[in-house]
Amino acid sequence: MKKILTILLTVATLFLTAQERCGTTAITEKMMSDYPEYAKARAEVNNQTEKWIENHPNHSEKTIITIPVVVHVVWKTNTQNISDAQIQSQIDVLNEDYRRTNVDQINTPSVWQSIAADSEIEFCLATTDPNGNTTTGIDRVQTTHGQFGMDSDIHTASAGGADDWPNDDYLNIWVCNIQNGLLGYASPPSNWIGDGDGLVIGYQYFGRTGTVQSPYNKGRTATHEIGHWLNLDHVWGGWGSCGNDQVSDTPKQESENYSCPAFPLHPNACSTTNANGDMFMNYMDYTNDACMNLFTNGQKTRMLAAINQYRPNMLNHDLCAGTVGVSETLNQKRELIKIVDVLGRTTTNQPTNTPLFYIYNDGSVEKKIIAE
Ligand SMILES: [Zn+2]
């Protein structure tokens with residue numbers, strides 16, 4: 001009896017050390033060993049992506065893609081049953097980060113401002129469910145299940161989770177009491193998409209109000225995990241030193257970064273390929289939510305390839321009637337000229353709880369306040 005217990009503990013420990021804050025790498029590797037067809041399909045993705053990018057050099061025309069989202073709130077305690085406002089705050093963060101209207105964009109170092117992307121992807125809570133009925137896009141399920149690990153329970157109603165909505169049509173996001181040490185995980189795309197495609201995120205890390213806990217309290221876990229769902233790798237390119245994330249405009253970096261470093265960080269650590277150091281403020285690193293602020297043009301192209309090749313139903317649908325409403329202004333390419341404070345002084349600081357005015361080259365002005 002004692003022997004069996006020891007073996008079980010060893011296995012559990014190994015699994016935990018492999019996770020870090022994001023479980024996507026661990027779950028992808030496990031699925032590839034469990035399902036050989038999945039491993040084969042994933043191996044094809046990089047080739048197919050390179051081909052798509054080669055064949056679509058003019059993806060620069062402005063086209064907004066709106067992704068319909070269903071949020072499954074799987075809760076046991078009232079605290080875990082997060083509010084509609086908290087869910088909406090996460091949708092707001094996604095729209096800001098993927099359209100580069102995030103107020104902290106001024107924190108991107110100037111050397112990378114020119115490659116920071118408006119990814120032209122938006123998100124909406126679904127207004128039509130799979131049966132054609134009206135919905136809020138929020139699916140609340142009470143459970144008796146304890147903490148959820150990275151297995152199929154969360155996306156299986158009979159196991160205490162919530163069944164997916166068709167994952168060709170919807171981005172499924174499960175918010176639950178996730179195992180300790182893990183913020184969330186996602187399923188990268190391929191031609192083999194099984195049950196449970198989407199994101200799983202802890203209720204303490206979803207949105208930017210309500211039950212969120214610092215320093216993962218600004219909704220960037222979902223921004224990061226959707227990056228994986230759209231085929232982005234971690235910016236350090238895996239566990240090897242100075243690895244390859246398959247994106248040409250993200251500098252190589254030795255490994256992941258935590259907390260909130262100062263720029264420049266580790267310049268030339270990967271020879272001259274990263275003279276400016278690590279892009280630790282990229283959404284695909286591991287830094288604190290408040291320190292992340294960009295995707296690059298190269299990452300945008302890869303995400304658009306993923307939608308066109310593996311998630312094509314997202315290109316054209318009417319699952320968010322009434323809320324899509326992409327305005328003419330948003331369709332135009334506009335660039336930030338400068339940011340001024342209430343006295344008209346140009347600023348590059350980003351004080352909290354202070355109104356700032358963002359002035360764009362199309363003459364539009366937006367007033368923004370970073371609330372702490
Ligand atoms: Zn990750």
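**Figure 1. Segments of low confidence in the predicted model.** In this predicted model, residues 1-19 have pLDDT under 50 throughout, and five contacts beyond four places in sequence are present for them. A second such segment covers residues 323-332, where pLDDT likewise stays under 50 and the model has twelve contacts beyond four places in sequence. Where pLDDT is low, the predicted coordinates should not be read in detail. For the protein chain, the mean pLDDT is 86, with 83% of the residues at 70 or more.

**Figure 2. Overall composition of the protein chain.** The secondary structure consists of eight helices and ten strands. Of the 372 residues in the chain, 37% are buried. Contacts between residues at least 6 apart in sequence join residues at least 24 apart in 65% of cases.

**Figure 3. The largest nonpolar core.** This core has 67 residues, among which Val69, Val175, Cys176 and Ile201 touch the most other members. At least two residues each are supplied by β1 (65-75), α4, β2 (121-125), β4 (171-176), β5, β6, α6 and α7. Strand β1 provides the largest share, six residues. Beyond four places in sequence, the contacts of Val69 include Ile91, Phe123, Cys124, Leu125 and Ala126. Val69 also touches Gly137, Tyr170, Leu171 and Ile173.

**Figure 4. Helix α6 and its surroundings.** Helix α6 spans residues 220-229 and is largely enclosed by the rest of the structure, because ten of its ten residues are buried. These buried residues include Arg220, Glu225, His224, His228 and Trp229. The buried residues of the helix pack against two helices, α2 (24-34) and α4 (84-99), and two strands, β5 (184-186) and β6 (199-202). Just after the helix, Asn231 adopts a positive phi of about 80°.

**Figure 5. The environment of Tyr283.** Tyr283 is located in the loop between β7 (269-272) and α7. With 25 other C-beta atoms within 10 Å, Tyr283 is buried. Apart from neighbours within four places in sequence, Tyr283 is in contact with Asp97, Met292, Leu294 and Phe295, and with Arg220, Thr223, His224 and Gly227; the buried residues of α6 include Arg220, Thr223, His224 and Gly227. The C-alpha atoms of Tyr283 and Leu294 are 5.9 Å apart, and the two residues are separated by eleven positions in sequence.

**Figure 6. Packing of helices α3 and α7.** Two packed helices are described by the angle between their axes and the distance between the axes. Helix α3 (residues 36-55) meets α7 at an angle of about 105°, and the axes are 9 Å apart. The two helices are therefore roughly perpendicular to each other. Helix α3 contributes Gln48, Thr49, Trp52 and Ile53 to the contact, while α7 contributes Thr301, Arg302, Ala305, Asn308 and Gln309. By class, three of the contact residues are nonpolar, five are polar and one is charged.

**Figure 7. Arg311 in the loop between α7 and α8.** Arg311 lies in the loop between α7 (297-310) and α8 (328-331). Arg311 counts as buried, because 22 C-beta neighbours lie inside 10 Å. Arg311 touches Pro189 and Ala306, when residues up to four places away in sequence are not counted. Asp168 is 143 residues from Arg311 in sequence, whereas their C-alpha atoms are 6.2 Å apart in space.

Key: Residues are numbered from 1 along each chain as its sequence is written. This is a predicted model: local features need pLDDT of at least 70, side-chain atom pairs count only at pLDDT 80 or more; totals for chains, interfaces and linings use all residues. Helices (H or I, at least four residues) and strands (E, at least two) are DSSP runs, numbered from the N terminus. A residue is buried if 20 or more other C-beta atoms lie within 10 Å of its own, exposed if 12 or fewer, and partly exposed in between; C-beta atoms are placed from the backbone. Two residues are in contact if their C-beta atoms, placed from the backbone, lie within 7 Å. pLDDT is the predictor's confidence in each residue, from 0 to 100. Axes are lines fitted to C-alpha atoms, for helices over the stretch in contact, and angles run from 0 to 180 degrees between N-to-C directions. Angles under 35 degrees count as roughly parallel, over 145 as roughly antiparallel, 65 to 115 as roughly perpendicular and the rest as oblique. Ala, Val, Leu, Ile, Met, Phe, Trp, Tyr, Cys and Pro count as nonpolar, Asp, Glu, Lys and Arg as charged, and the others, Gly among them, as polar. A nonpolar core is a set of buried Ala, Val, Leu, Ile, Met, Phe, Trp, Tyr and Cys residues joined through C-beta atoms within 7 Å.
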